[in-house]
Amino acid sequence: MKKQLYSKIPLSQTIVALCEAKGINHIVISPGSRNAPLTIGFTEHPEMHCYSIVDERSAAFFALGIAQQFCRPVALVCTSGSALLNYYPAIAEAFYSDIPLVILSADRPIERIDIGDGQTIRQRNVFENHILYSANLYSEIVPETEVVDSKVKQKHHEAQKHNEREINLALNVSIEKKGPVHINVPFYEPLYDKIKKPTIFPKNIPVEYREHSISEGLRTNMLTAWNQAKRKMIVIGVHAPESINQEWIDYLAKDPSVLVLTETTSNIHHPTHINCIDQLITSLNEDEFKELQPEVLLTFGGMVISKRIKAFLRKYQPETHWHVDEKKAFDTYFCLTEHIKMHPDSFLSDFLPNTKPIENSYKVHWIAIRNQRRIQHREYLKKCSYTDLKAFESIFEWIPDHQMIQLSNSSTVRYAQLFSLNPTWRVYCNRGTSGIDGSTSTAIGAAIGSVIPTTLITGDLSFFYDSNGLWNNYIPPNFKIILINNSGGGIFRILPGKEENDNFSTFFETKHHLTANQLCEMYGIRYIQADTISDIREGMKVLYSDTISTGLLEIFTPRKMNDSVLIDYFKSFV
């Protein structure tokens with residue numbers, strides 16, 4: 001058995017030891033020299049799972065995907081300079097999606113900054129607008145001999161105590177508050193020296209978990225408002241699978257005065273829920289909107305995708321809006337009255353047993369309209385032309401049960417909102433910042449962090465933007481990609497004021513003629529092409545029957561028809 005070695009630099013030993021103590025053992029490393037002490041420390045440790053990802057932007061989303069599944073921090077290690085800045089898109093996503101990441105950036109000592117030295121930038125607090133904690137550590141000179149005077153020893157002792165405290169604080173914040181933290185680590189040379197035994201044994205400060213509850217007065221007032229309201233609406237945004245007890249989902253379903261609206265990313269299903277929100281509300285008139293308008297609005301989960309539900313609730317505001325979340329509440333509908341700092345399941349288990357159902361027609365009325373919309377949905381799809389919409393219908397029909405579905409942003413996640421997805425799927429999307437960058441890298445990281453077979457459904461711009469996500473040696477064979485290629489940013493074709501000219505196709509739609517065939521050949525991924533519905537069905541069979549290799553199905557759809565078919569789809573509900 002290989003013996004563990006350690007970096008000679010005490011600061012590296014401290015970071016590795018405290019990560020180990022707090023159960024942070026998945027480390028994504030990008031190459032460099034200044035980060036060599038950390039790379040040595042983590043890769044030599046037998047309990048650390050280390051991944052080498054060259055592109056730092058891809059590496060950060062890859063780590064985000066792992067952390068998304070493990071629900072505990074994943075560490076990122078990079079060298080100094082611009083390498084660190086490439087982490088920023090994933091850090092912003094982690095910040096808004098409450099995903100724990102630990103950024104470990106190697107740096108030059110402070111006296112080397114802004115003097116014209118190579119590979120140096122101002123790294124201290126560089127992510128201050130989108131980070132939960134920034135720890136700026138002291139660099140330390142490792143003496144070549146054991147002979148040091150008392151003043152030097154005292155400075156080393158003070159630096160060590162400062163560093164231990166800052167590292168503990170940062171790691172604990174990431175664990176407790178579920179988000180990104182940045183630890184900036186300046187190193188003096190030499191960087192590559194190893195030793196057989198550690199010289200530092202840092203103190204691990206335990207994480208303090210805080211439990212929140214509702215005050216008795218607030219609880220009484222909320223119950224009074226709830227039990228008197230005849231129209232109560234619950235809107236659920238991005239939500240982790242299986243984090244709400246089915247008992248409370250069933251309880252809400254039995255109350256005739258409660259209407260539950262769920263999004264694709266909520267991972268909550270029930271026959272009485274409105275799961276395709278835009279289908280329901282797109283064609284409503286003013287009188288119908290007033291009938292739908294809730295007196296009490298309860299929300300939980302993350303970002304909401306539907307622009308239509310946002311517009312509706314901003315115009316037809318409820319008297320009361322409560323948001324339940326342990327950490328934060330966005331005033332999305334401009335009418336927030338209470339932020340309940342609890343986990344939604346804890347809140348529902350405390351609150352619902354004391355509520356009283358109200359007999360009325362609120363739920364049954366809107367469920368009947370929803371059922372009619374579903375009939376109209378099926379009828380339209382039977383007769384519409386082959387486009388993105390028809391392709392998505394076929395895709396969702398043929399994906400097997402018990403898959404993790406990773407959706408890219410823009411048109412992909414919005415098309416998914418129009419279909420009743422398989423309840424055995426676990427659905428994820430980077431909705432914190434809603435960017436198209438990093439979808440492939442995130443999905444591959446998530447596939448590594450889960451034993452469930454994973455399918456990424458992505459659009460062409462998102463896929464080609466993040467093609468470096470395929471540049472790693474960790475893609476599992478049960479990872480599949482379904483790429484809808486409509487030769488540009490088709491979502492922009494439905495924008496008001498769109499004109500068919502070179503300016504639009506070049507700068508908005510970004511028309512192209514790229515395919516994934518050559519990328520798949522380069523990365524050793526099985527490539528399948530589809531140009532028709534029958535091709536899609538056959539391609540899906542081939543894609544999922546191959547259990548020993550990663551595969552990609554590229555579906556080509558007509559660039560200039562998708563927008564008109566989608567617009568007519570919503571008109572069909574009138």
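The legends below describe close-up views of a predicted model.

**View 1. A five-stranded open sheet with parallel pairing.**
The strand order is β10-β9-β11-β12-β13. The edges are held by β10 (258-262) and β13, each with a single partner strand, so one side of each has no neighbour in the sheet. From one strand to the next, the twist averages 20°.

**View 2. The pairing of β9 with β11.**
Strand β9 covers residues 232-236. Five bridges join β9 to β11, and the two run parallel. Lys232 stands opposite Val296 in β11.

**View 3. The buried side of helix α12.**
Helix α12 spans residues 344-351. Which of its residues are buried? They are Pro344, Phe347, Leu348 and Phe351. These four cover an arc of only 95° around the axis, which puts them on the same side of α12. What covers them? The cover includes two helices, α7 (216-228) and α8 (246-253). It also includes the strands β11 (296-300), β12 (320-324) and β13 (338-340). Strands β11, β12 and β13 also belong to the open sheet of View 1.

**View 4. Packing of helices α1 and α2.**
Helix α1 runs over residues 10-21, and helix α2 over residues 36-43. Their axes are 9 Å apart and make an angle of about 40°. This angle lies above the 35 degrees limit for roughly parallel and below the 65 degrees where roughly perpendicular begins; α1 and α2 are therefore oblique to each other. The crossing is right-handed. On the α1 side, the contact involves Ser12, Ile15, Val16 and Cys19. On the α2 side, Pro37, Leu38, Gly41 and Phe42 meet them.

**View 5. A cis peptide bond before Pro190.**
The bond runs from Glu189 to Pro190. Its omega is near 5°. Where does Pro190 sit? Pro190 is in the loop between β7 (180-186) and β8 (194-195). As a rule, most peptide bonds are trans.

**View 6. Positive phi at Cys71 and Ser410.**
Most residues other than glycine have a negative phi. Cys71 has a phi near 60°. Cys71 lies in the loop between α3 (56-70) and β4 (74-78). Is Cys71 buried or exposed? Its relative accessible area is 61%, and exposed means over 50%, so Cys71 is exposed. Ser410 has a phi near 70°. The loop holding Ser410 lies between β14 (404-407) and α15 (411-416).

Terms used
Residues numbered from 1 in each chain as written. Predicted model: local features only at pLDDT ≥ 70, side-chain atom pairs only at ≥ 80, totals over all residues. Heavy atoms only, no water. Buried < 20%, exposed > 50% of the residue type's maximum accessible area, 1.4 Å probe, protein only. Arc of directions from axis to C-beta. Contact = heavy atoms within 4.5 Å. Pairing = 2+ DSSP bridges. Axes fitted to C-alpha atoms, helices over the stretch in contact; angles between N-to-C directions. Parallel < 35°, antiparallel > 145°, perpendicular 65-115°, else oblique. Left-handed = near helix turned anticlockwise from the far one by under 90°.
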